[in-house]
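Work through the exercises below with the sequence and the model open. Try each task before reading its solution.

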Amino acid sequence: MHLFIQVTVPRVNTRLLSFELAMRSIRCRSTRDILLAAGAFSILSLYITYQLGSPLVDRGILAASESEKDQLVRAILSQMSAGPKTKREMKPSKLETKLIQLERRRREAIATVGKVALIRGQKGIVEHEYNLTARDNWLLLLCMSFTDGDSGTCLERSSYSHLEPYQKINRIYGIRNSLWRKDGFCSTMTSARQLSVARRSHLTPLCFVLPNQMQQFVHVADALGEDAQWVVKPLSPGGGAAIELLENLDRIKNTQQAVLVQQYFPHPFLVFGSPVSLRVYILVTSMSPLRAFLFHEGIVYFRQSVSKGFRKMSNRTWLLSQLWHYVARSYGQHAVRLALVNIQSLVVQTLLVAESMIAVQLERKLRCQHCFQMLGFDLILNASFHPVVLEVSQSLTDSQLKLYELLFSTKVNGQPNLQESWRDDGWAANGVKRGLVEGMLSLLFATSDVARHVADAVDRCADNIGVMGLNCRISNDLCLSEDDLHLLMDARREKLNRGAFKQLYPSVDSDKYTGLIQDLQYFVALPKVSSSSSSSSSSPRLLSLRDREAFTHGTADMHAFLTSLERCYSRHREDDYDFWNSFNVSAAFRAPENTSQAFGTQDLLSRPPCNEVTMPYLLNIFSQPKLNLTPPFSPLVVEFTAKVPYDQLMVTVWAFAQNCQSEARLDDKFGPSQSANYTLGLGENRITFVIVDIRHTEPWVINSYSIVVERAAPTDNEPIFDANRKHQVCALKQDCDLRLVANDPCGIQKDDGIKKWSDYEKVAADLPVCDRGDALGRWLLPCTACSDRSSCFWRQAFWAPFECQHPFISQSILAQCLAGKKLLFIGDSTNRGIMHYLMERLNGTLAEWDKTHHIRVRTNLNGGKTVISFAYYPQFWLPTNERPVFNKALYQLLERSRPLENNSNTVLIVGGVHWLATQHLHMLLQALRRDGLQGIRLVMKTLGSGFHLPVNGVHCLSQVEQRKLLVHSRGLSEFAKHYNFDIIDTFNITIPRFRDFLQGKCACHFHKVVPLALDSANREYRYHVEGPVNAVYSEILISRLCSDHVVPVRDGRRNVTSNS
């Protein structure tokens, strides 16, 4: 047996040497010969693996090509193929030969370049900013000019045709008047609204350039009414600080100053209560046909509210990736995906419109193989993650602005400033700019060999396409010129070396822009038809420049062809993987084919097929765990009920609208459109879905559905308690599912102190009155067997301190106790719940109540003898910089409650769920000393149970963090006692019964105000405060306030709980 192996590896570069490995005839006559042959195969395999994995030599700005690796693989595979290749199969096609020739000429020309960059522009700017001189031999021309660069300050337009294909200029002719300038951008987008597709896309807010468009603006503003808000911007660059809210149309009707009026984007997406704008960087390497790339990173600017002109906040800047992480954490991964898909679509549509508007302005197609442009798109998202473009702007350096003001009378926008900034908020921009410049150079001046890639793709995926000079026929849909071939290779080379950029257009899903491109093609054709119809000359003539442009293909001409090539290149969308990873976002965020499907990563949460013609109904309502709706779901029914057991604390719900242009959102029209978690308090919980039409800047509510979920209470279906029967005395100090003290038992246990429930009164009678509100205790309740929770009688449960008792205060004694007193409450809704309970106990009924989030003073209590005031703190829903500080809230409470006595007739009660800290108590004591109120009585409510369930928009604490809260609460108590505060320990009371919360996202409310029957005498409603847990610590507060007025009543605790 003879075995002969020969492998030839073609030359890849200077480090990949050609080699021939030949094994002489091996006669496999023994086992040794076979082993030698196997060893030779192993060595050959290792060598090939090494060569394929070794790095390639740099060939200029970038490492040499990926395609050379492909050539090596193809060569090896061809040698190892089972059958020999025919001469015809090995011969390259005419197209491949031509492309290789063009590619070789480009590579040879680049090798002769002496200097990389050439700087030209207005003399003052170039010398002032860069102090560089021009050279003749260059690769990149940086045009430092405030024009399109066609005025001769950079390069004459006539010189463009003499440039080498590899030479690049950072200017695209016509883009200044269509995008850079604020008035030009407004004109471009206003013109685009004539197209039906662009109208539906809502690319930008309405805008008008005054005073030229004053009449149109006044008519539109009057038609939209007071609901529409407008901002006024200067036309100059860097004018963000001068943005103002237009509060009165009359103020601007007679203005002669050139300004831009833009409709304020209503209900923008908020981050911590503040609106934000996004700066994304777009590299346009060709305008016609379009090639555009999105840089993976950007800048997020926090802005002030519209009442303050939507100005940028100083020192409040994020990276774009930080925003996506915030959105993913707060709204889900699909929200990030939806926002990214919408941003990409918006940018591409804007550039397509700009290309067509430039063609209309120039009355000709625009093709510049040498031109590229870096653009900064300023965007803003709405609550549905749909963006609009505010402007395509730049941020000039201070020196450029000052110099430009001296040189020119008209200010225009330009290329985004890529110099580093040393301002406090420049940290984010500097990192982005460095990566942006490096990535841009790598993409523009890549040296990858792509001729075979392009030739193979055209042969395999392009139908009915010809090449001029090779096989162009009149029947071809498209005949490619030599410029087109250069363009195809540039496009492929850029795609392979895009790095941290994502190619936006062309792409595998470019079909979604077909409707817009067709509309734009018709729009561009109208002026030409008008011009040709007015011409009377019909004599034959030579082809002029404009006639020859029939062979200059724009985006519309090559749209279908380029989309086919991208699909051929990007099988299964693998090319996009690195871009999505560069966001530090899961690859699952990658854009779906159909953006209407971008709703969730799980099949269960994916949107079912929608319909364009259906009515505004829900397709279905989904939930986990599944809710059994009554009646069963029907899109024609809008009210449903469901019941869940006591142990179910939360439900996840979501829904989908039947119509493709509608969304089902939770709570209101700006609520989440994805699945959301809802806490289920004891009793009724209402969940609302609204169907909104998302085709408008502000969503329109067109239908709504509600589910009332009733969660069972532990007292439901509980039998009547028979005191004569034998019951065990059971204690609950902590729940096993929220165990904070490792050494203490959890769950319901037999109490060590009392053996029989009937003996409790005798034991309690011997206990002294508690002299503090934080006496250690536990919950006591009778059970048939403590080991069986269902056998317990929760209506009889009460809080029992170990070594004392809290006396029950009757209404009459309470009225005497609080006569002449002023009670000042400051805190959150849990403190407000105590206040409402005390008001009901004092007056015998609750005549009025509200969920005030400000300051409220009530003087109609106890026959006018008692005043109770309340200040809500902190106001979590406001932006951090707009929340009233604790000092201010306390000051306003004291001022509204005056006159105040500096004695125990003034009582200040402070407390909340989790926000209270020692610094708040420090500030409180300082304020009282300043106002001479050191002698008033002080009460502190400790922290409490809550925020233990993962609910959208609300922070959730782990069990470890809950344990830290216990330590924090104890530390607060010790600190407050040192300054003579009375302590009401709500933490140890609420934690064992954390499941018994009532309705509210935080799962921290243990009270609920419900209406009673209408009072027929004065036709007014009366209210009652429900919640046995809230009643317990409220009664402890009452007993502490009135400890000097009463003697204890032995069965008081049982009376309290039975009343509640």
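The exercises cover disulfides, salt bridges and a patch of surface charge in this predicted model.

**Exercise 1. Handedness of a disulfide**

Task: Find the disulfide that joins Cys472 to Cys479, and give its hand and the burial of each cysteine.

Solution:
- Start with the sulfur atoms. Cys472 and Cys479 have an S to S distance of 1.9 Å. The cut-off for a disulfide is 2.5 Å.
- Take the torsion next. About the S-S bond of Cys472 and Cys479 it is about 100°, so this disulfide is right-handed.
- Check the cover. Cys472 has 38% relative accessibility and is partly exposed. Cys479 has 11% relative accessible area and is buried.

**Exercise 2. A second bond and its place in the chain**

Task: Locate Cys736 and Cys746 relative to the strands, then describe the disulfide between them.

Solution:
- The S to S distance of Cys736 and Cys746 is 2.1 Å.
- Now place the pair. Cys736 sits in the loop between strand S27 (728-732) and S28, and Cys746 sits in the loop between S27 and S28. The two cysteines are 10 residues apart.
- The torsion about the S-S bond of Cys736 and Cys746 is about 90°, so the disulfide is right-handed.
- Cys736 is partly exposed at 41% relative accessibility. Cys746, at 13%, is buried.

**Exercise 3. Left-handed or right-handed?**

Task: Assign a hand to the disulfide of Cys1002 and Cys1004.

Solution:
- The sulfur atoms of Cys1002 and Cys1004 lie 2.0 Å apart.
- The torsion about their S-S bond is about -70°, so this disulfide is left-handed.
- Both Cys1002 and Cys1004 are buried.
- For the overall tally, the structure holds 10 disulfides.

**Exercise 4. A salt bridge inside one helix**

Task: Are Asp490 and Arg493 buried or exposed, and which helix holds them?

Solution:
- Asp490 and Arg493 both belong to helix H15 (residues 482-496). They are three residues apart, about one turn of the helix.
- Their side chains form a salt bridge, with an N to O distance of 2.9 Å.
- Asp490 has 7% relative accessible area, so it is buried. Arg493 has 3% relative accessibility, so it is buried.

**Exercise 5. Bridges of Asp509 and Asp511**

Task: Find the salt-bridge partners of Asp509 and Asp511.

Solution:
- Asp509 pairs with Lys512, the closest N and O atoms being 3.4 Å apart.
- Lys512 is partly exposed at 39%, whereas Asp509 is buried at 10%.
- Asp511 pairs with Arg567, at 2.5 Å from N to O.
- That second pair links distant parts of the chain, 56 residues apart. Arg567 is in helix H18 (residues 555-569), and Asp511 is in the loop between strand S19 (501-505) and helix H16 (514-534).
- Arg567, at 38%, is partly exposed. Asp511, at 40%, is partly exposed too.

**Exercise 6. Network and patch**

Task: Which residues are linked in a network of salt bridges, and which gather in a patch of positive charge?

Solution:
- The network links Arg772, Asp774, Glu974 and Lys977. The count for the structure comes to 31 salt bridges.
- The surface patch of positive charge gathers Lys726, Lys750, Lys755, Lys756 and Lys762.
- Look at one of these lysines. Lys755 lies in the loop between strand S28 (748-750) and helix H20 (760-765). Lys755 has 65% relative accessibility, so it counts as exposed.

Technical notes
Residues numbered from 1 in each chain as written. Predicted model: local features only at pLDDT ≥ 70, side-chain atom pairs only at ≥ 80, totals over all residues. Heavy atoms only, no water. Patch = residues over 30% accessible without salt bridge, like charges linked within 9 Å, V, L, I, M, F, W, Y side chains within 5 Å. Areas by Shrake-Rupley, 256 points an atom, 1.4 Å probe, with all protein chains shown as cover. Salt bridge = Lys/Arg side-chain N within 4 Å of Asp/Glu carboxyl O. Lys, Arg positive; Asp, Glu negative; His and termini not counted. Charge placed at Lys NZ, Arg CZ, Asp CG, Glu CD. Helix = DSSP H or I, 4+ residues; strand = E, 2+ residues; numbered from the N terminus. Buried < 20%, exposed > 50% of the residue type's maximum accessible area, 1.4 Å probe, protein only.
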